[in-house]
Amino acid sequence: QDLNRPNFAQLESLLGEGGPLLVLAECCLMYLEPAAVEAWATWIAQRGGSLLAFEPIEDCRPFAKGLQSNLAQRGIHLHFPLESLRGKFAHVQVSSM
């Protein structure tokens, strides 16, 4: 499935009704289009779910800067989605580790 064009009806049929939902997103939201991140966050929040996201590219440490530079040299430009998640969930903390 193309994560930039999620099929939420299909996911609903696989997950069923109710029950807890925890989505772990490690180093992947930055590759999605901003509209897709918004769609995923909205869907998760509407289900009462939780999203745990780790995006080291948003960090200002040398690792993140080096990664951004290396990808930019290859014509790959990433999005920085974590700040856009504020307001979707009861608790959002954006911090570096």
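**Figure 1. Helix α1 meets helix α2 through Phe8, Leu11, Glu12 and Leu15 on one side and Ala39, Trp40 and Trp43 on the other.** The view comes from a predicted model. Six of the residues in this contact are nonpolar, none is polar and one is charged. Glu12 is among the α1 residues that take part. Trp40 and Trp43 belong to the α2 side. Two packed helices are described by the angle between their axes and the distance between the axes. Here the axes of α1 and α2 come within 12 Å. They cross at roughly 35°. The crossing of α1 past α2 is right-handed.

**Figure 2. Arg47 pairs with Glu12 in a salt bridge.** Side chains of opposite charge can pair when their charged atoms come close. In this pair, the closest N and O atoms are 2.5 Å apart. The salt bridge links distant parts of the chain. Arg47 sits in the loop between α2 and β2 (50-54), while Glu12 sits in helix α1. The two residues are 35 positions apart. Arg47 has a relative accessibility of 21%, so it counts as partly exposed. Glu12 is also partly exposed, because its relative accessible area is 28%. Glu12 has a further role in the picture, as one of the α1 residues that meet α2.

**Figure 3. Asp2, Arg5 and Glu33 form a network of salt bridges.** Which residue does Asp2 form a salt bridge with? The partner is Arg5, and the closest N and O atoms are 3.0 Å apart. Arg5 also forms a salt bridge with Glu33. There the closest N and O atoms lie 3.9 Å apart. Arg5 is in the segment before α1 (8-15), and Glu33 is in the loop between β1 (22-26) and α2 (34-46), so this pair ties together parts that are 28 residues apart in sequence. Is Arg5 buried or exposed? Its relative accessibility is 53%, so Arg5 counts as exposed. Asp2 reaches 37% and therefore counts as partly exposed. Glu33, with a relative accessible area of 36%, is partly exposed.

**Figure 4. Met30 lies in the loop between β1 and α2.** Is Met30 buried or exposed? Its relative accessibility is 3%, so Met30 counts as buried. Residues under 20% are called buried. Glu55 is 25 residues away from Met30 along the chain. Even so, the C-alpha atoms of Met30 and Glu55 are separated by 7.0 Å. The loop that holds Met30 also holds Glu33. Glu33 is partly exposed, whereas Met30 is buried.

**Figure 5. The whole protein sets the scene for the close-ups, with three helices and two strands.** Along the sequence, the elements follow the pattern α-β-α-β-α. The protein has 97 residues, and 28% of them count as buried. Met30 counts as buried. How many salt bridges are there? The count is three. One of them joins Arg47 to Glu12. Another joins Asp2 to Arg5, and Arg5 pairs with Glu33 as well. Consider next the contacts with a separation of 6 or more: residues 24 or more positions apart account for 74% of them. The exposed surface comes to about 6,500 Å². Carbon and sulfur atoms supply 57% of that area.

Note on methods: Residues numbered from 1 in each chain as written. Predicted model: local features only at pLDDT ≥ 70, side-chain atom pairs only at ≥ 80, totals over all residues. Heavy atoms only, no water. Helix = DSSP H or I, 4+ residues; strand = E, 2+ residues; numbered from the N terminus. Buried < 20%, exposed > 50% of the residue type's maximum accessible area, 1.4 Å probe, protein only. Contact = heavy atoms within 4.5 Å. Areas by Shrake-Rupley, 256 points an atom, 1.4 Å probe, with all protein chains shown as cover. Salt bridge = Lys/Arg side-chain N within 4 Å of Asp/Glu carboxyl O. Axes fitted to C-alpha atoms, helices over the stretch in contact; angles between N-to-C directions. Left-handed = near helix turned anticlockwise from the far one by under 90°. Nonpolar A, V, L, I, M, F, W, Y, C, P; charged D, E, K, R; others polar.
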